[in-house]
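Grab a pencil and work through these exercises at your own pace. Try each task before you read its solution.

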There are 2 protein chains.
Amino acid sequence: MAEIAVSRRVRRTPFSAGVEAAGVSAYSVYNRMLLPAAFAGLEADYHHLKAAVQVWDVSVERQVEVTGPDADRVMQMLTPRDLTRIAEDQCAYIPVVDCYGGMLNDPVALKVGEDRWWISIADSDLLFWVKGIATGMNLEVRVREPDVSPLAVQGPLAEELMMRVFGSSVQDIRFFRYKRLAFNGRNLVVARSGYSKQGGFEIYVEGGDIGMPLWQALFEAGHNLDVQAGCPNLIERIEGGLLSYGNDMTIENTPFECGLGRYCHLDAGHDFVGRAALEEVAATGPDQLIRPISILGDRLPSPVEIWPLTQDGQPVGQVTSAAWSPDFNVNVSIGMVEAAFWAPGTELEVHTAHGPFQARVEAEFWG
Amino acid sequence: MAEIAVSRRVRRTPFSAGVEAAGVSAYSVYNRMLLPAAFAGLEADYHHLKAAVQVWDVSVERQVEVTGPDADRVMQMLTPRDLTRIAEDQCAYIPVVDCYGGMLNDPVALKVGEDRWWISIADSDLLFWVKGIATGMNLEVRVREPDVSPLAVQGPLAEELMMRVFGSSVQDIRFFRYKRLAFNGRNLVVARSGYSKQGGFEIYVEGGDIGMPLWQALFEAGHNLDVQAGCPNLIERIEGGLLSYGNDMTIENTPFECGLGRYCHLDAGHDFVGRAALEEVAATGPDQLIRPISILGDRLPSPVEIWPLTQDGQPVGQVTSAAWSPDFNVNVSIGMVEAAFWAPGTELEVHTAHGPFQARVEAEFWG
């Protein structure tokens, strides 16, 4: 594969020095910023993530900060999820849709103060959408990207490592909740969350200057926990059914197609962009749905483009993410499948870059 | 440097097969799509671009299509440039700013029909901004990304090659104007434009299916013109003073700081987002300005982050793009310099990743 070309436009992070010292071997670009994609290798990283603890530079989860008297109103315009039900210390996964109900992003929203929100984004310039809506509606808010770079600590030993750096109160943080904890005299948002199923935390590092001190503190505290630098792992996240915006869903998909209907509180009656479109989909149900799909046979390389799904030669959907799972001994994948074919056990054919393979719709993800 | 990790999220283009067969050695990511960054190497590509003709996959210049009864109004809301002065066949470089006058993108707008525009974008999700403004203002337009992927033909032999494929009428296309020319029975927008100073054309390839046929037709027609696959060249574009959004300017900069004041038609009186902010800047003039800067001494590697500029130890600006120029035998660079220091001939110090170097503000770019 080709090298990655870098410049200021593809932004480095507060942790890049640590990431490179740890031997990053592949990078992706996410929100116009470097995202480590492999260190020892996809499978070695995978086994280690499930056994020990990793520190992930996920600075690419940029924040959109919304502040001002109309902040709550703007936030509610963005999503079908009823934000009045969100607790003060909650991390709220919110589908954000356009006027056609198409997914623009699937971020996590945190109310970090009175009239002050952070939206921790997936891979699209949600800042432009929020700013555009606020400007177009003439609402009184300031929308900007603050100097906040999340660092994730993931894996079965994550809690032990976090306690060594932040103290025992990390134990009291419930899943998808956060507390403010001190590091270097700064109070950081620390949430029990992250893009793996192995358990762990995300530290919203406010101020790039404390990035490397925190990185080093974690590695020093974890020297006897086999702590290593890692990154979101393709195999593990497919096993766990963690969706990736841009891979498994795009602006062409509604939240219902993505299995996010439970976050569409249409009965709440609040005003949001896309309400009419989503009500229409809700009335009939989606025509296609994201499903776990096993691809049978030998180990396949992961796709760089969609792989079409057929049954008896007729198109019925597409695989959007796939990887060989050493633990489940099968090619695990995520796909979008039409209604008549999404029942568990349905046998399909998938047309990969390496030829056609038999595939099966599963009842559940693997993780 | 690390490899680039690919997936559906980092989109391939209609020309990727050709690019890879031609031996792309480095990729960047631009608008969440693969952008070739080198073939034979930065300097070899540079010399060839100035001597012959290259075909560039610039699919990453995605189009934002705005259609509908309010299309003209939405377009005019986006930019201080007075679009009523734009001719039917014109390519209009337009600064797009937010309510603070900060640059969101510096695209080229084409009126491709009645109530129908294409905006050929730099590296930010301008679609989200346009859609947000239109949605927030409740305007009657459809905003979408069409299946259009620009292919550039650049270099001194570009016109000769284009004539062989599109006929002699390519000669009649004036600079930053376009014609519709036939290929494979389709009428494509062909403009005399492109991200180099060597002359050439951009073909707005409508329909990915004709991407590789056109690629092949160009290479077959140009076999005795030394046609090669190429890409925007860092050295050549710095010599020519071609700015790069994300590198040389960001949302933190006004058009005036970027030297784009001539596109700010504040006297035209039209309504656009950011008018109040830009009027304020126009009244006093910008505090800093993009300038050509020579970095003296030996050949330097190109920066991956900004390089601070100082005079007598005081910060006075930053270098945002730099490369060794074989033709001018100096490190050419683009920087943002404060008012008191931007006069041609001003001697500064630049703090590179490789130590401090003497630098000099130039009167003109090199190309």
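Below are five short exercises, each with a worked solution.

**Before you start.** This is a predicted model, in which local features need pLDDT of at least 70 and side-chain atom pairs count only at pLDDT 80 or more, while totals for chains, interfaces and linings use all residues. Residues are numbered from 1 along each chain as its sequence is written, chains are lettered from A and ligands numbered from 1 in the order in which they are written, and side-chain values use heavy atoms, leaving out hydrogens and water.

**Exercise 1. Find how many helices and strands chain A has, and work out why its radius of gyration agrees with that of a compact globule.**

Step 1: Chain A contains 8 helices and 22 strands. Both are DSSP runs numbered from the N terminus: H or I over at least four residues for helices, E over at least two for strands.

Step 2: The globule rule is 2.2 Å times the number of residues to the power 0.38, with the radius taken over C-alpha atoms. For 367 residues this gives a radius near 21 Å, and chain A agrees because its radius of gyration is 21 Å.

Step 3: Along the principal axes, the C-alpha trace of chain A spans about 65 × 50 × 40 Å.

Step 4: Of the 367 residues in chain A, 60% are buried. Buried means under 20% relative accessible area, exposed means over 50%, and partly exposed lies in between (1.4 Å probe, protein chains only).

**Exercise 2. Describe helix α4 in chain A and in chain B: which residues are buried?**

Step 1: In chain A, α4 covers residues 126–136, and 10 of its 11 residues are buried, so the helix is largely enclosed by the rest of the structure. Among them are A:L126, A:F128, A:W129 and A:K131.

Step 2: Helix α4 of chain B, residues 126–136, also has 10 of 11 residues buried and is therefore largely enclosed by the rest of the structure. Its buried residues include B:L127, B:V130, B:I133 and B:G136.

Step 3: Now look just past each helix. A:N138 has a positive phi of about 60 degrees, and B:N138, following α4(B), has a positive phi near 60 degrees.

**Exercise 3. Decide whether B:L242 is buried or exposed, and find its contacts.**

Step 1: B:L242 sits in the loop between α7 (234–239) and α8 (275–284) of chain B.

Step 2: Its relative accessibility is 18%, so B:L242 counts as buried.

Step 3: Contact means heavy atoms within 4.5 Å. Leaving aside neighbours within four places in sequence, B:L242 touches B:Y195, B:S196, B:K197, B:R237, B:D248 and B:I334.

Step 4: B:Y195 is 47 residues away along the chain, yet the two C-alpha atoms are separated by 7.1 Å.

**Exercise 4. Do likewise for A:V6: where is it, and what does it contact?**

Step 1: A:V6 belongs to the loop between β1 (3–4) and α1 (16–21) of chain A.

Step 2: With a relative accessible area of 26%, A:V6 is partly exposed.

Step 3: Beyond its neighbours within four places in sequence, A:V6 contacts A:L34, B:M1 and B:V304.

**Exercise 5. Find the volume of the largest cavity and the residues that line it.**

Step 1: On a 1 Å grid over the protein atoms alone, a cavity is a set of points where a 1.4 Å probe fits but cannot get out, and lining residues have an atom within 4 Å of a point.

Step 2: The structure holds 1 cavity of 30 Å³ or more, and the volume of the largest is about 50 Å³. Here volume is the space filled by probe spheres set on the points, which are joined across faces, edges and corners.

Step 3: The lining includes A:Y30, A:D123, B:R32 and B:D123.

Notes: 1 Å grid on protein atoms, 1.4 Å probe; cavity = no way out; pocket = protein on both sides within 12 Å on 5 of 7 lines; lining within 4 Å.
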